[in-house]
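Reader: I should like to examine how the descriptive terms applied to this model are justified. Please set each value against its definition.

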Amino acid sequence: MESKDSHVIEHMEELRSRIIKTLIGFVAFFILSFIFVQDIYELLIKDLEGKLAVLGPSEILWVYMIIAAVCAIAATIPLAAFQVWRFVAPALKPEERKVTFRFIPGLFILFIIGISFGYFVLFPIVLGFLTSLSAGQFEMMFTAEKYFRFMINLILPFGILFEMPLVVMFLTRLGILNPTRLKKSRKISYFALVIVSILITPPDLISDILVIVPLLVLYEVSVQLSNIVYRKRLLREQSAFPVS
C-alpha cells in the first residue's frame, strides 16, 4: 500500500514538474512576443483603413498583452506537447514513443493553419458582413480593444479545433479512441460542432456554412485517420502475437 502511494506521489510530482516547465516556457515566449508586439500589431492592422481608437492608456496595454499572449500560446504548443509526451512515455513501448513523438510538430503546424484559416478566410468575410449592416445608417468606429477581442474570439477557436485530426490519431495510437467509437458518436459530434460554429459566428447563413463545413470535414478526416492508425495497430499486435 505504501509502495502504491509513493508511486502515485512520484507521478504527481512529475506532472507538477511538467506543468511548471510549460508555464516557464509560456512566460519566456510571452516576454519575447511582447518585445516585438508593436511590429506584430502593425502587421495585423496593415489592411485596415484608418487607425484604431483607444479609450485610455490601459486599453493599449491590454491589446499588446493579448497579442503577445496568443503568440506565446502558439509557440508553447510544441513545448506543452513534448512535456505531455515525456509524462506518458514511460508507459509506452519504444516503437510507440517514436511514433507519438512525431505528432508534436504537427500540433504546432495545425494550430497555425487553423489560425490562418480564421484570420485570412473567415475574419474578413465576417467583418465585412457586420460592417455592411451599418452602411448608410451608422458611423462605424473601431476601438482597438473591441477589434482585437472580436478577432481573437473568432480565430483562436480554429487554432484549437484544427488540432482535432492529430489528437484523434494520438488517442487512437494509445488505444483510448477507435474509429468505431467515433462513428457511433458522429451525430453528437456533429451537433456539438454546429453549436460551436453558431456561437463563434454572426447570425447569417453564409458565415455559419463557412465555419460548419470545415469543422465537419475535419471530423470526417479525423475518423479516417483514426481508422488507418487503428488498422496498423491491429496488424502490429497480430504480428507480435501470431495465432498458432
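Author: Buried denotes under 20% relative accessible area, exposed over 50%, and partly exposed the range in between, with a 1.4 Å probe and protein chains only. The model is predicted, so local features need pLDDT of at least 70 and side-chain atom pairs count only at pLDDT 80 or more, while totals for chains, interfaces and linings use all residues. Residues are numbered from 1 along each chain as its sequence is written, and side-chain values use heavy atoms, with hydrogens and water left out.

Reader: Why is phenylalanine 36 called partly exposed?

Author: Its relative accessible area is 45%, a value between the limits of 20% and 50%; phenylalanine 36 is therefore partly exposed. This residue lies in the loop between helix H1 (2-35) and helix H2 (37-44), where helices are DSSP runs of H or I with at least four residues, numbered from the N terminus.

Reader: What makes phenylalanine 34 partly exposed and valine 70 buried?

Author: Phenylalanine 34, found in helix H1, has a relative accessible area of 31%, so it is partly exposed. Valine 70, in helix H3 (residues 57-88), has 18% and is therefore buried. Phenylalanine 34 and methionine 65 are 31 residues apart in sequence and 7.0 Å apart in space, C-alpha to C-alpha. Valine 70 and alanine 91 are 21 residues apart in sequence and 32 Å apart in space, again C-alpha to C-alpha.

Reader: How do you know that the span of helix H9 agrees with expectation?

Author: The expected span is 1.5 Å times one less than the number of residues. For the 15 residues of H9 (residues 186-200) this gives 21 Å, and the end C-alpha atoms are 21 Å apart, so the two agree.

Reader: Why are the buried residues of H9 said to line one face?

Author: These residues are Ser189, Leu193, Ser197 and Ile200. Seen down the axis, they fall within an arc of 80°, so they line one face of the helix; the arc is that of the directions from the helix axis to the C-beta atoms. On the other side of H9, Lys187, Ile188, Phe191 and Leu199 are exposed.

Reader: What makes phenylalanine 103 and phenylalanine 170 an edge-to-face pair?

Author: Rings of Phe, Tyr and Trp (its six-membered ring) pair if their centres lie within 6.5 Å, and planes under 30 degrees apart count as stacked, over 60 as edge-to-face and the rest as tilted. Here the centres are 6.0 Å apart and the planes 80° apart; the pair is therefore edge-to-face. Both residues are buried.

How values were computed:
Helix = DSSP H or I, 4+ residues; strand = E, 2+ residues; numbered from the N terminus.
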